[in-house]
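Visitor: Could you take me through one part of this model slowly, as you would for someone in their first year? I would like a close look at how the two domains of one chain meet, and then at what lies around them.

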Amino acid sequence: MIYQNSKVILEVRGLCASVNGIEILKDLDFTAKSGEVHAIMGPNGSGKSTFAKVLAGHSAYEITSGSILFEGKNLFDLAPEERALAGVFLAFQYPIEIPGVANSQFLRLTYNTVQAQRGKEELDPLEFDDFVREKMKLLEISPDFLDRNVNEGFSGGEKKRNEILQMALLDPHLAILDETDSGLDIDALRIISQGVNKLANKDHAIVLVTHYQRLLNYIVPDFVHVMDAGCIIKTGSKDLALELETRGYDWVSAEYQANSKTRSAGMGV
Amino acid sequence: MSAITTIRQPAVDDLDTLLTGQKQLPASSLSQVNALRAKAIEYLDKLTLPTLRDEDWRFTDISPLSKLSFSTARSASYLEATDIAHFYIEEATTRLVFIDGGYAPQLSSVPTGEGVVVANLPAVTVHAAEIEPHLGRHAAFSDNVFASLNTAFLHDAAVIIVPRDVALVTPVHLLFIATQTAVASTPRCLIIAESGSSVTLIEDYVTMQEEPYFINAMTEISLADNAHVNHIRVQRDSVQAFHIANCAVSIGRSSNYQSVSVALGAQISRYNLDVLLAEGAECVVDGLALIEANQLADTHTCIDHAKPYGVSRQLHKCIAGGSAHVVFNGKIMVRQDAQRTDSVQSSRNLLLTNKAHVDTKPQLEIFADDVKCAHGATVGQLDSEEVFYLKSRGLSDTAARSLLTYAFAADVIDRIPVASLKHRLEKMALEQTSSQS
């Protein structure tokens, strides 16, 4: 939701990033303020997931120019774990499985790590159990999640729910959901969306990276951005998503190219 | 092979050292034991310690063993229950304790009354007729110097006999404690699971000191038809120790053998496990070697499908830190008769440093034509995507790496069906993996 007097959470300016020498992000600008929900849409290969991973600090991507400020701090100064501790959270498109480690053990470890960093109280296994069960109820997650190994043998929907559970536990200021809706059936999508909606508040910014307008029936974005060839080429309201659903992406690209021609022609005068 | 034998130096001196004290053994009241010892001495006349030139030992150099001299252990009767109680496993109410190879009745806890036998060999002469068809019959020793050495010293074996249709609810703990330095001991176990019986057995090697010693163990397990044996083997010897073990398992018709072996200790360890399956027999043979510094852990297994409809599953994992060296040789034999065999083997290896080293060799020998066999081996370092995932949740690089290393090990430890032992090993794995990362 758009609030008055909200503060800037994320400010991306002229971001260029490449992997193995191939430029993926080209002069990307993006701003998210507290309380806002942003949806980033776009065709395959447009750089949406790369942007999400760059925000989380994935080492495979080389930043060639531009800046990212997170709550006023230079994000490039922070290692991935420092970003997490500062309040950046990425829900993975493909969460990893960790056979041999119980989910409860893993969730408590990450929770306590973040709590300790924020100068807050760590929880012992019993206290944590009560705490996590409350959060799980909110997300309609079955209690057996705690005893199972991290994501091992989880269905796609269960893995995504486990990501949202982690988001609920770590209480981030900036949550980036990378295709959290992909591959979910309608029930799982509803539950996950409800969870995200319950977690959204005026202090957080949420960035949804998605292919499908369907998710936006459940989580209503304040802004919809279209990404193509590594930069955001159009920003609109939630109605833009509906338009994309019926008309596809081509018209946006065409419009953008026409505009940039006009712009460069204008500059040439 | 004969060409190799001729160029090998006779290793009489090494064996002489290792045979010290053998002649002083009192004769057993079981004539079979005396006969087995004599046969072993006869074989040892022709056998020598293996070298890197032996195919079976080409990755494992045991010459450091022959450079040391070992004596036989003195009696360690001064030990009291409070000294060793921390090794006990709470679920295991039945326990045989051996100190430096010698049976310690005052520390053991054996069942009384009729039925199940859990005792040391001299105490079970009354069961000679049941023991005779099994002792020394499952594990071949004519061509195996360590098995022959063990047999030459045969006197104080742990014997478990589970009678027909008896299911032991609680596990049996065979606890071998090393207390003295520079001694050689020859632990021996015989497990006879009669038809329809079931038992969980924990074969546990621990130490109370960190100096060199030599364990040369041998275990024979026989499952009659329709029996069920869970075998957990834990080797947590001193990192200066030498641990060599031979285990032979015969699985009868429609019987089920499940084993998890965990190797954490020893300077050099070698575990040979031979499993022979009858018709419709099933086995799950899992293993973990978790070592660091200059340790070497070598596991050789042979799963022999002799008859049709056998099922075998094997997951063997190795984690090597420091400049440690892990070896796995996993042979699956499917004989011509063994149609409809279903076998899956997986060898997974994790190297934590550039100096750590693995030699893994899955080896399938299939002579039947209607079988399902799958095998695979992987060697790798920690997956960078997995490390990134954990870091994105706030864990430091070190914490992320040790958690993933621990998880790699815990995947095998998880399969141990005795909760307190599982938790203890998980804790040991956690300590070791966090110190290595």
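**Where two domains meet**

Guide: Let's begin at the meeting place itself: in this predicted model, 12 residues of domain 1 of chain B are in contact with 10 residues of domain 2 of chain B. On the domain 1 side, three strands of chain B each supply at least two residues: E8 (198-207), E10 (228-235) and E12 (256-263). Of the elements on that side, E10(B) gives the most, with 3 residues. If you sort the domain 1 residues that touch domain 2 by their chemistry, you find 8 nonpolar, 2 polar and 2 charged.

Now step back to see the two partners. Domain 1 of chain B covers 2-278, and domain 2 of chain B covers 385-437. Their C-alpha centres lie 31 Å apart.

Next, follow chain B to helix H8, which spans residues 384-391. Its buried residues are Val387(B), Phe388(B), Tyr389(B), Leu390(B) and Lys391(B). What covers them? The cover includes a helix from each chain: H2 (80-86) of chain A and H9 (397-413) of chain B.

That brings us to the contact between the chains, which takes 17 residues from chain B and 18 residues from chain A. On the chain B side, H8 and H9 are the elements that give two or more residues. The largest share, 6 residues, comes from H9(B). Taken together, the chain B residues that touch chain A divide into 8 nonpolar, 3 polar and 6 charged.

While we are looking at chain A, here is a pair of helices to find. H5 (residues 156-170) and H6 (residues 186-199) of chain A pack at an angle of about 5°, with their axes 10 Å apart. Angles under 35 degrees count as roughly parallel, so H5(A) is roughly parallel to H6(A). Among the residues that meet are Ile164(A) and Met167(A) from H5(A), and Ile191(A) and Val196(A) from H6(A). The residues of this contact divide into 8 nonpolar, 2 polar and 2 charged.

Finally, a word on confidence. Chain B averages a pLDDT of 93, and 95% of its residues score at least 70. Residues 1-12 of chain B are another matter: pLDDT stays under 50 there, and the model has 8 contacts beyond four places in sequence for them. Where pLDDT is low, the predicted coordinates should not be read in detail. For the complex, the predictor gives an ipTM of 0.93 and a pTM of 0.87.

Methods
Residues numbered from 1 in each chain as written. Chains lettered and ligands numbered in written order. Predicted model: local features only at pLDDT ≥ 70, side-chain atom pairs only at ≥ 80, totals over all residues. Buried ≥ 20, exposed ≤ 12 C-beta atoms within 10 Å, placed from the backbone. Helix = DSSP H or I, 4+ residues; strand = E, 2+ residues; numbered from the N terminus. Contact = placed C-beta atoms within 7 Å. pLDDT = per-residue confidence, 0-100. Domains from an automatic or database assignment. Nonpolar A, V, L, I, M, F, W, Y, C, P; charged D, E, K, R; others polar. Axes fitted to C-alpha atoms, helices over the stretch in contact; angles between N-to-C directions. Parallel < 35°, antiparallel > 145°, perpendicular 65-115°, else oblique.
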